[in-house]
Structures are given as C-alpha cells and as structure tokens.
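Q: Please give a close account of one part of this structure, the backbone position after the last of the strands and what surrounds the topic of charge and burial. A formal, connected answer would suit a newcomer.

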Amino acid sequence: MSVTSDVAVIGAGIIGLLTAYQLSRQGHSVTVYETGRPGYGQSAGQSRIFRHAHDDPRLIRLAVRAREQWREWSDDIGVTTVSDDGALALGDTAGRRLPLLRDAGVAAESLDSDAVADVLPLLGAYEGAAVFDPGGGSIHTRAVISALTDRLTDSLVGEQVIVLHRDGDGAVVRTPTTRGSHGTVVICAGRGTAALARGAGITVPVLLGAHVRVSFSVRDGVNRLPTLQDGSGHFGATGVYAAAYPDRSGYGLGLSEHVDAHDDGAIDDGSRLGGLADAAVGYVDSALPGLDPTPREIVHCWVTTLPWGDDGMAIWREGPVVVVAGHNLFKHAPVIGEALAQTVTSGAVPYDFTPDQRLGAASTEHAGVNANEYRSIT
Ligand SMILES: Cc1cc2nc3c(=O)[nH]c(=O)nc-3n(C[C@H](O)[C@H](O)[C@H](O)COP(=O)(O)OP(=O)(O)OC[C@H]3O[C@@H](n4cnc5c(N)ncnc54)[C@H](O)[C@@H]3O)c2cc1C
C-alpha cells in the first residue's frame, strides 16, 4: 500500500494525537502511524496530574496556557479533560515553588493542617508545608485519547514504522506493508523515538527507564479528589504522586523512582519494579487511610527522560524530520502539540523548545529547591 500526505506523525500517544489533530484542523493532510493501540504506550492509564508547579518558570507559564487549552478543548469535544478538584503538594519544595506560581498568576495558596484535611480527607493527619492549586486536577486520559482517536480514525495506519529516510525535500516512511511519502515527518514515538531519530540522523539523548503505578479504590465516596504530590517524607516515602479516576472511585499512585534501562531496553533487575509497587502499597497503608490498600489496577510503563531534568523536554528539527522527547509531557500536551505544529508549518522550532534552551531544567536560581524531592513522574 502507498500513502501520501503533507505530514506523517509517528506514534499515537497523547503528543502524536494532539499534534495530528492540530495540524489537520489547520488544513494539512496527516497520516498517523501507530504500532499498537493508540494511547497505550507512556500515555496509558486512567489519569495524569495536571499541575502548574514546576522549578522552571517557563514550564509554569506553558502550563497556564495548556490549562486554558484543556478547558477550551473540554468545550469543543463535550467531555471533561481536567477535573476541577485541584492539586495538593506537600513538603518544603511545594512552599518554595509558591512564589513562582504567584509570579505567573496562578492562584495557589498555602494550607494549614486543618485545610489539608478538608481538601483531602483520605489523607492521615499531616503537619508541614502544603500548597493547594485550585487550577490543577486529574487529566481524564482515556476520554481525551478516545475523543482524539475518533477524530483521526481515517488518518491512522496501524503498523510499526521500521524506518524513515529523506527523499528530495520530503521523507519516506516504511512499515511492514506501507510506503508513505510525506512533506514532513514528526517523530513522537515515546520509547521508540531515539532509534527512529538516530536512523534519520538526529541524536536525541534520551535516558530510558521503567516505571510502575498502582491504583487503589476509595473506601467511601468523595465529591472532590485533588491530585497529590508528597515530597514531605512525613509518611515515610518521598516523591509520591497520585491522580484520581474520572469518577473519583480510584487513585492511581506511584513513587517517582523508576528502574534504569539500557538503550536497547534491557533491565538488569526487573524485580525492582515489584519493590516499587510494594512501596506504593506501603505508602497507602501509612498515609491514606481513606483508600483500600488492596491494589486494584497496575500500569507498567517506559519513561523517557532528558539529561537536564525529569520535567525536561525539547524539539529537534533537521530538514523534513521533527523529533520531540521528554518526560511528564501529558499536562503540557496541548502546547507541545502546538509547538510541533508550528515547527512543521514555519520550519523553525519555537524558541523555548530548542534543545539548547533545556526547557524544564531544575532552576539554579531558586536556592533550596530540591529537585529530587519531586523527582519524576507527575
Ligand atoms: C505511570 C506514569 C505516570 C505519569 N504521570 C504523569 C502525570 O501525572 N502528568 C504528566 O504530565 N505526565 C505524566 N507522565 C508522563 C506522560 O504520561 C508521558 O510523558 C506522555 O504520555 C508521553 O506521551 P507520548 O505521546 O510522547 O508517548 P507515548 O504515549 O509513549 O506514545 C508513543 C506511541 O508511539 C508508538 N510507537 C513507538 N514506536 C513506534 C514505531 N516504530 N512505529 C509506530 N508507532 C510507534 C507507541 O506504540 C506509542 O503508542 C506519566 C507517565 C507514566 C508512565
């Protein structure tokens, strides 16, 4: 089979789907190549945290824009994309990030222990720094992925891209049974990105790891369930994150650590993933009496991190090939999709996204911010 279109997007995770959607709304013909089920790579699972808080003020500003776009998009497709339940962060880092949030116009506030118990009654008694961001919330990942997939059905080629190469001013994409001819190719293939990019002459310094997240049932119904980041150590573990199921019946929770993998995906000690799952159960036991500590669902995922930080992200472009990589991309997906679409149409990567800008690097300006406290997945 052969296909021809203005733009090929490789990977139907949240980034590829949103990029393809934005380009097709601008009138470009788009082909989306996906080797598996759309949205079941790093974008898998019931929910993600939307938070404004980051160490890099540029990411806070981009989150403000992304939140607005998620809202507009909820109206557009008629489903809630991000809950209105807010984002709760515990620990000193949360307090130190507060002035950065206020500088960006985010209406976050410090909470005392009683107020913490009020916004998250599932939590055990807590004493310490706490910040609540009412504009944060849980992203309803499945609703978003399925709405996008429905809109792009006619553009999807359900096959693995084996290779892409330049051809004149454009590029050719080859899958087991398809030859695609495209003006531009956007690689957003998650764990497959670095290899495809390398074949096209672009080196992307992705570090590969594996992660586990466990979901637990809420014991009694709640009418608000904010996301949680706990860097306090008050309950033992640090770097814990949790996001709510859309119906608030469950909480997907993990420790921010992941297990390092080699470039080819080999993991030396796979049993460490089991240890991280057990630690998630242990945290629920000690910190969240409002949850049933029996695991309800489990998600194992690859994570792709750039060397300058766990929130790092960047876009590369060489001729007709555009590549995106990073971690914790879900919340920013609308603005990343917009930046990728702009790269395709203008031929230039928007300033903050060029690799030399190290977008998402932990700031050195804000002394005392402990990047490791919130290392990772949120
Ligand atoms: C458990 C977990 C929790 C997280 N929590 C948060 C959070 O709370 N907030 C947040 O903002 N972010 C979070 N993240 C990160 C976020 O989910 C990811 O950064 C985001 O989903 C990445 O999306 P993507 O589209 O780039 O990649 P993916 O979703 O991995 O999509 C890439 C797609 O490319 C396809 N593909 C790969 N190779 C090929 C090929 N050769 N040919 C065709 N198709 C190919 C794959 O099958 C896949 O579907 C979390 C990640 C994990 C794993």
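A: Asn328 is found in the loop between β19 (321–326) and α8 (333–346), in a model that is predicted. The phi angle of Asn328 is near 55°, a positive value in a residue other than glycine. Asn328 is buried, because its relative accessible area is 9% and the cut-off for burial is under 20%.

A positive phi occurs again at Arg358, where the angle is near 45° and the residue is likewise not glycine. Arg358 belongs to the segment after α8. With a relative accessible area of 43%, Arg358 is partly exposed, whereas Asn328 is buried.

Strand β18 (residues 313–318) contains Met313. Met313 counts as buried, since its relative accessibility is 2%. The C-alpha atom of Met313 is separated by 15 Å from that of Ala197, and these two residues are 116 residues apart along the chain.

The cysteines can be taken next. A disulfide is a covalent bond between the sulfur atoms of two cysteines. The count of disulfides in this model is zero. For Cys188, the nearest cysteine sulfur is that of Cys301, at 16 Å, and Cys188 is in no disulfide. Cys301 is in no disulfide either, its nearest cysteine sulfur being that of Cys188. A disulfide would require the two sulfur atoms to lie within 2.5 Å, so a separation of 16 Å rules out a bond between Cys188 and Cys301. Cys188 is buried, with a relative accessible area of 8%, and Cys301 is buried with a value of 12%.

Charged side chains give another view of the model. The count of salt bridges is nine. One of them joins Asp76 and Arg25, with an N to O distance of 3.0 Å. Asp76 lies in helix α2 (residues 57–77) and Arg25 in helix α1 (residues 14–25), so this pair ties together parts that are 51 residues apart in sequence. Asp76 is partly exposed, at 39% relative accessible area, and Arg25 counts as exposed, at 56%.

Helix α2 also holds a salt bridge between two of its own residues, Glu68 and Arg71. Their closest N and O atoms are 3.4 Å apart. The two residues are three residues apart, about one turn of the helix. Glu68 counts as partly exposed, with 40% relative accessibility, and Arg71 counts as partly exposed with 38%.

A further salt bridge links the side chains of Asp56 and Arg58, at 2.8 Å from N to O. Here both partners are buried: Asp56 has a relative accessibility of 6%, and Arg58 has 17%.

Some acidic residues stand outside such pairs. Asp112, Asp114, Asp118 and Glu127 form a negative surface patch. Membership of a patch requires over 30% relative accessible area and no salt bridge. Glu127 is exposed, with a relative accessible area of 59%, so Glu127 meets the accessibility part of that requirement. Glu127 lies in the loop between α4 (113–119) and β6 (130–133).

To return to the starting point, Asn328 lies in the loop between β19 and α8, and is buried with a positive phi.

Notes:
Residues numbered from 1 in each chain as written. Predicted model: local features only at pLDDT ≥ 70, side-chain atom pairs only at ≥ 80, totals over all residues. Heavy atoms only, no water. Patch = residues over 30% accessible without salt bridge, like charges linked within 9 Å, V, L, I, M, F, W, Y side chains within 5 Å. Areas by Shrake-Rupley, 256 points an atom, 1.4 Å probe, with all protein chains shown as cover. Salt bridge = Lys/Arg side-chain N within 4 Å of Asp/Glu carboxyl O. Lys, Arg positive; Asp, Glu negative; His and termini not counted. Charge placed at Lys NZ, Arg CZ, Asp CG, Glu CD. Helix = DSSP H or I, 4+ residues; strand = E, 2+ residues; numbered from the N terminus. Buried < 20%, exposed > 50% of the residue type's maximum accessible area, 1.4 Å probe, protein only.
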